[in-house]
Amino acid sequence: MAAAPKTAEDPGAGPDGTGAQGPYRTRRQGVGAALVRALAFTFALLCLATCAAVVLELTLAPSPASVGIAHTNLRPGATIRLYLDQPSVREAVEQIGGNILIGVPFGLLLPVLTPRLRGLLRVVAVTSAVILLVELAQHFFVEGRSFDVDDIILAAFGAAVGYLPLGRLLARWAHPRHRHWWQRAGDTLLRRRPAA
């Protein structure tokens, strides 16, 4: 006796009633993708919180030995040039590279957390704002530390380095349906345009 043909209502049936690509499987795939994205969001949040804790530990620790040496720098590039003019290449790499590394996690993880933080300018702006607050806290509340605008510049550069190669791809994966405001505005204009 021949088996009855599968229908679209059958969980194993496809759109034409014969395959295994029916609406139930599509729904399961949607739930699975949402679960993976939720896990990615949670992982990104934990990583960013861990990185923030490390940054605060490194930058807000008092440095009594630097009380007479530390000075405020409001001239962009002054401290970077000072590091580059030092005879010790290792110390220059540690100082400059360390400040750049502080910003890299922001570029990687901020766009994964929310589609509102997709885009190079937004990532750099948020990173700069966070490091600005850290620098102000150093200047006013931490012994032996002072405000340095170059730390903000280097961290912002690090955020750009993190975002451009990998953070952008992670954001597209985490928020595939997100459209920028100019794309949505273009769609609205097209819908309002009267038919010829």
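**Helix α4 and residue F41 in a predicted model**

L132, L133, L136, F140 and F141 form a nonpolar surface patch of about 570 Å²; patch members have over 30% relative accessible area and no salt bridge, with nonpolar side chains joined within 5 Å. The model is predicted, so local features need pLDDT of at least 70 and side-chain atom pairs count only at pLDDT 80 or more, whereas totals for chains, interfaces and linings use all residues. Residues are numbered from 1 along each chain as its sequence is written, and side-chain values use heavy atoms, leaving out hydrogens and water.

**Helix α4**

- Helix α4 (a DSSP run of H or I, at least four residues) covers residues 120-141 and includes L133.
- Its 22 residues should span 32 Å at 1.5 Å a residue (counting one less than the number of residues), which agrees with the 31 Å between its end C-alpha atoms.
- V123, T127, S128, I131, V134, E135 and Q138 of α4 are buried (under 20% relative accessible area, 1.4 Å probe, protein chains only).
- These buried residues lie on the same side of α4, because they cover an arc of only 130 degrees around the axis, taken from the directions to the C-beta atoms.
- The face turned away from that buried side carries the exposed residues L121, L133, F140 and F141 (over 50%).
- L133 has a relative accessible area of 59%.

**Residue F41**

- F41 belongs to helix α1, residues 23-59.
- With a relative accessible area of 37%, F41 is partly exposed (between the buried and exposed limits of 20% and 50%).
- F41 touches V112 and L113, residues up to four places away in sequence not being counted (contact means heavy atoms within 4.5 Å).
- The C-alpha atoms of F41 and V112 are 6.4 Å apart, and the two residues are 71 residues apart in sequence.

Key. Helix = DSSP H or I, 4+ residues; strand = E, 2+ residues; numbered from the N terminus. Patch = residues over 30% accessible without salt bridge, like charges linked within 9 Å, V, L, I, M, F, W, Y side chains within 5 Å. Areas by Shrake-Rupley, 256 points an atom, 1.4 Å probe, with all protein chains shown as cover. Salt bridge = Lys/Arg side-chain N within 4 Å of Asp/Glu carboxyl O.
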